[in-house]
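Please keep the sequence and the three-dimensional picture side by side while reading. The paragraphs below go from single residues to strands, then to helices, and end with some details of the backbone.

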Amino acid sequence: MKKITVSSLLKMKAERQKIAALTAYDASFAKLFDEQNIDVLLIGDSLGMVLKGEDSTLGVTIAEIAYHTQCVSNGVERAFVIADMPFMSYANEQQAYESASQLMRAGASMVKVEGGEWLLSTISGLVERSVPVCGHLGLTPQSVNVLGGFKVQGRSDEQADALLKAALALQAAGVQLLVLECVPSSLAKQISAALQIPVIGIGAGVDTDGQILVMHDMLGISANYMPKFSKNFLTQTGDIRSAVSSYIEDVKSNTFPGSEHWFN
C-alpha cells in the first residue's frame, strides 16, 4: 500500500474521504493497525495514563515519547506517524526545535502541540525548519490544571468564537493537521468547514474530517474509565484485528461516532 503523507491527508479532505486514526505505543500493535490500513498513528502522551497508570499526561517526558515513536515507526509501512510533544517540551522556540528534532529522528513524520495563539511563532519556526506540525485545540490535556479538569470546551459563544479564531490562526502559521478534542459537534463542524487542512475529532461529533481514539479505549481495556466519546469495538467482534477493521470501517462510513458519543 502507498505510504500516507501530508499530501495524502490533504487530498482525503478535499475528496471527503474520512481519516481513521489511533494511538499506538509499540511495534506490534503498530504493525497490526498498519495491516488493517489505519491512516494515522499517534504516539500520544496519553501513554502516561494508559501505560504508566498516572492520572494525567503531565509526567510524560520527551525521551519517553521518542522511545515509543521509534518502536511504532519500526512497525509501520503505510500509516502516517505523528508524535506528541509532551508537557513543557516546547515552552520556548529553541526548546521546541530541540524536542522536535528528537521525535523526527526517532521516526515521526509530524509533531503535535497543544495550544492556540501563543504557539504561532513556534509553529512558524518549526515549519520553516522542515518540521510538519499538528495542532490540538479544545480540551488540551496538558492544560488540565488550568482548565479545572477534563471538561468540554467551546460551549459558550465567546469560547466558540475564540476556538474558531485560534484554529484559523494555527492554519495560517503552518499547521497541516488539527485535532479537536471534546468540543460541541456543531462547533467542530463549523471549524472543519472553515479550514483547508484536515480536522481530526475526538469527542467532537461526526462532521470532522476524521476520528482518533486512544487504542486502549477502542479495545475497551483502559484501566480507569471509558470516555463518553469512545466505543468498545472489541466486545462486538471478539478479535483485535476485527475490532480495528470495524473501527476503521465505521469511521470511513460515517457511522462512528454516533450521537451518543458526542457533545451538544
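A residue is called buried when its relative accessible area is under 20%, exposed when it is over 50%, and partly exposed in between, as found with a 1.4 Å probe on protein chains only. The model is a predicted one, in which local features need pLDDT of at least 70 and side-chain atom pairs count only at pLDDT 80 or more, while totals for chains, interfaces and linings use all residues. Residues are numbered from 1 along each chain as its sequence is written, and side-chain values use heavy atoms, with hydrogens and water left out.

With these terms in hand, is His-216 buried or exposed? His-216 has a relative accessible area of 10%, and therefore it is buried. This residue sits in helix H10 (residues 215-218), where helices (H or I, at least four residues) and strands (E, at least two) are DSSP runs numbered from the N terminus. Contact here means heavy atoms within 4.5 Å, and, when neighbours within four places in sequence are left aside, His-216 is in contact with Tyr-25, Val-50, Leu-51, Ile-221 and Ser-222. A second histidine, His-68, belongs to helix H4 (residues 62-74), and because its relative accessibility is 15%, His-68 also counts as buried. Not counting residues up to four places away in sequence, His-68 touches Tyr-25, Ile-43, Leu-47 and Leu-51.

From these residues we can turn to the strands. Eight strands form a closed barrel in the order S1-S2-S3-S4-S5-S6-S7-S8, with parallel pairing, and two strands are said to pair if DSSP finds at least two bridges between them. From one strand to the next, the twist averages 25 degrees. Strand S1 (residues 19-23) and strand S2 (residues 40-43) run parallel and are joined by three bridges, and Leu-22 has Leu-41 in S2 as its bridge partner. Strand S2 is covered on both faces, since Val-40 and Leu-42 on one side and Leu-41 and Ile-43 on the other are all buried. Further along the barrel, three bridges also join strand S3 (residues 80-84) to S4, and these two run parallel; here Ile-82 has Met-110 in S4 as its bridge partner.

Strand S4 (residues 110-112) is in turn joined to S5 by two bridges, again with the strands running parallel, and Lys-112 stands opposite Cys-134 in S5. How many of the six residues of strand S5 (residues 133-138) are buried? Six of the six are buried, so S5 is largely enclosed by the rest of the structure. Both of its faces are covered, with Val-133, Gly-135 and Leu-137 on one side and Cys-134, His-136 and Gly-138 on the other.

Next come the helices. Axes are lines fitted to C-alpha atoms, for helices over the stretch in contact, and angles run from 0 to 180 degrees between N-to-C directions. Helix H5 (residues 93-106) lies across S3 and S4, running at about 135 degrees to S4. H4, the helix that holds His-68, packs with H5 at an angle of about 20 degrees, and their axes are 8 Å apart. That angle makes H4 roughly parallel to H5, given that angles under 35 degrees count as roughly parallel, over 145 as roughly antiparallel, 65 to 115 as roughly perpendicular and the rest as oblique. The contact involves Ile-62, Ile-65, Ala-66, Thr-69, Gln-70 and Ser-73 of H4 together with Ser-99, Gln-102, Leu-103 and Ala-106 of H5.

A second helix pair is H2 (residues 27-35) and H11 (residues 240-252), which pack at an angle of about 55 degrees with their axes 9 Å apart, and H2 is therefore oblique to H11. In this pair, Phe-29, Leu-32, Phe-33 and Glu-35 of H2 meet Ile-240, Arg-241 and Val-244 of H11.

Finally, some backbone details deserve attention. Most residues other than glycine have a negative phi, and most peptide bonds are trans. Arg-16, although not a glycine, has a positive phi of about 60 degrees; this residue lies in the loop between helix H1 (6-14) and S1, and at 77% relative accessibility Arg-16 counts as exposed. Met-88, also not a glycine, has a positive phi of about 60 degrees and is found in the loop between S3 and H5. The peptide bond from Phe-256 to Pro-257 is cis, with omega near 5 degrees, and Pro-257 is placed in the segment after H11.
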